[in-house]
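Got a minute to go through some labels and ask what earns them? Have a look at the sequence and model first.

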Amino acid sequence: MLTIEKVEGGAQVKFEDRAPEQYDLVFDARGFPRELHPERHISISFVPTNTAVIRRCPARMYGEPDGPVLQHTYTRAVARPHGWIFVIPLTAHTSYGYIFNRNVSALSDVESDFDAFLETDGVSEFEQRGVIPFPNFVHRRMYDGAVARIGNAAAFMEPLEATAIVSAQLQIGMVLHIRLNRPIEHVERDAPVVNRFLLDSMLRYGLFVGWHYSCGSKYDSDFWRYARDHAWPRHREAADPAVVGCSALRKFDEMLHLMNQAVIDKADWNRMCAVPLTSYAQLSQGLGCRA
């Protein structure tokens, strides 16, 4: 597949080895772009990571079926000097990933710290699965009426808050809801509304992730100082409503304002900005941070 683009009456898909084909609606799930273009993508530069080292390790042993559980059976996110490590225990193996910024930390330093962490975690062997660079971005046109970009083609934020699945569900659900429940003659008018909603939602996720990093960790290292002092201060410029065409920043600011109240009114307890108010409270209280 070479390109997917909107044309009169639908979307055209061009292939390398056969004639183009046209469809009413195409879901583009080809993954994140190789490079960002300002006219098509919004760079979420306030999220301070851009690379992952992935390792596959042996499955954890959980003891006897009827005995006590001796090891973690849930996903962990562990702060480290150069970023953080995810630990995902699966049936056949355990997946570890060190998320960091290659412009701040040398790969050799990250891998050395990764080795030390695995040793303390009781892991004596692993398979190196790759070193993966990635962008943090939101596509300006996730849905144009004929092409619906979903998953990493629509937006990508490193996995600290595990937003990928729920984001894809929201993207697919919104597009299908409109296409299946609205007359086709309204598609050109509906598409910008749906796109703005999705853009707003993805940027709110990004703002929460960037804020999480700005709250710091137990490490006073180059990476965590970069996250707080250099990456996060860019969020107002990057999410400026005049630049992005949505109100994500205003909604995020309103949540931080609530966090600074001595008492939060009961009417606001169910407020959300990408994630519930309780998530903002847990993060701010857990890390001792306020706006």
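What follows is a set of questions about labels, each answered from a cut-off and a value. This is a predicted model, where local features need pLDDT of at least 70 and side-chain atom pairs count only at pLDDT 80 or more, while totals for chains, interfaces and linings use all residues. Residues are numbered from 1 along each chain as its sequence is written, and side-chain values use heavy atoms, with hydrogens and water left out.

Q: What makes E7 and E8 a pair of strands?
A: Strands are DSSP runs of E with at least two residues, helices are runs of H or I with at least four, and both are numbered from the N terminus. Two strands pair if DSSP finds at least two bridges between them. Strand E7 (residues 76-80) and strand E8 (residues 83-89) have five bridges, in the antiparallel sense, so they pass the pairing rule. One of the matches is Val78, whose bridge partner in E8 is Ile85. The two strands form a hairpin with two residues between them.

Q: How do you know that E8 also pairs with E9?
A: Seven bridges join E8 to E9, and the two run antiparallel. For Gly83, the bridge partner in E9 is Phe100.

Q: Why are E7 and E10 called edge strands?
A: The open sheet has five strands in the order E7-E8-E9-E6-E10, with antiparallel pairing. E7 and E10 each have a single partner strand, so one side of each has no neighbour in the sheet. Neighbouring strands here are turned by 20 degrees against each other on average, direction ignored; axes are lines fitted to C-alpha atoms, for helices over the stretch in contact, and angles run from 0 to 180 degrees between N-to-C directions.

Q: Which strands stand at the edges of the sheet E5-E11-E13?
A: This one is an open sheet of three strands, paired antiparallel. Strand E5 (41-43) and strand E13 (155-156) each have a single partner strand, so one side of each is left without a neighbour. Strand E11 (residues 137-139) is joined to E13 by two bridges, and in E13 the bridge partner of Val138 is Ala155. Helix H3 (residues 187-214) lies across E5, E11 and E13, at about 175 degrees to E11.

Q: Why is the aromatic pair of Phe134 and Phe156 called tilted?
A: Rings of Phe, Tyr and Trp (its six-membered ring) pair if their centres lie within 6.5 Å; planes under 30 degrees apart count as stacked, over 60 as edge-to-face and the rest as tilted. Here the centres are 5.3 Å apart and the planes 55 degrees, so the pair lands in the tilted class. Phe134 sits in the loop between strand E10 (127-133) and E11, and Phe156 in strand E13, 22 residues apart. Both are buried.

Q: What makes Arg18 count as sitting over the ring of Phe15?
A: The rule wants NZ of Lys or CZ of Arg within 6 Å of the ring centre and within 35 degrees of the ring normal. Arg18 lies over the face of Phe15 at 3.7 Å from the ring centre. Likewise, Arg55 lies over the face of Phe126 at 4.0 Å.

Q: Why is Arg129 called partly exposed?
A: Buried means under 20% relative accessible area, exposed over 50%, and partly exposed in between (1.4 Å probe, protein chains only). Arg129 comes in at 44%, so it is partly exposed. Arg129 lies in strand E10, and its side chain makes a polar contact of 2.8 Å with that of Glu127. That label takes a pair of N or O atoms within 3.5 Å; within protein, one must be able to donate a hydrogen and the other to accept it, and residues adjacent in sequence count only if both atoms are side-chain atoms.

Q: Is His93 buried or exposed?
A: His93, in strand E9 (residues 93-100), has a relative accessible area of 17%, so it is buried. Leaving out residues up to four places away in sequence, His93 touches Arg56, Cys57, Pro58, Ala59 and Ile88, where contact means heavy atoms within 4.5 Å.

Q: What makes the phi of Ala162 worth a look?
A: Most residues other than glycine have a negative phi. Ala162 has a positive phi of about 50 degrees although it is not a glycine. Ala162 lies in the loop between E13 and helix H2 (164-181) and, at 64% relative accessibility, counts as exposed. Ala274 also has a positive phi, about 75 degrees, but it is buried at 13%.
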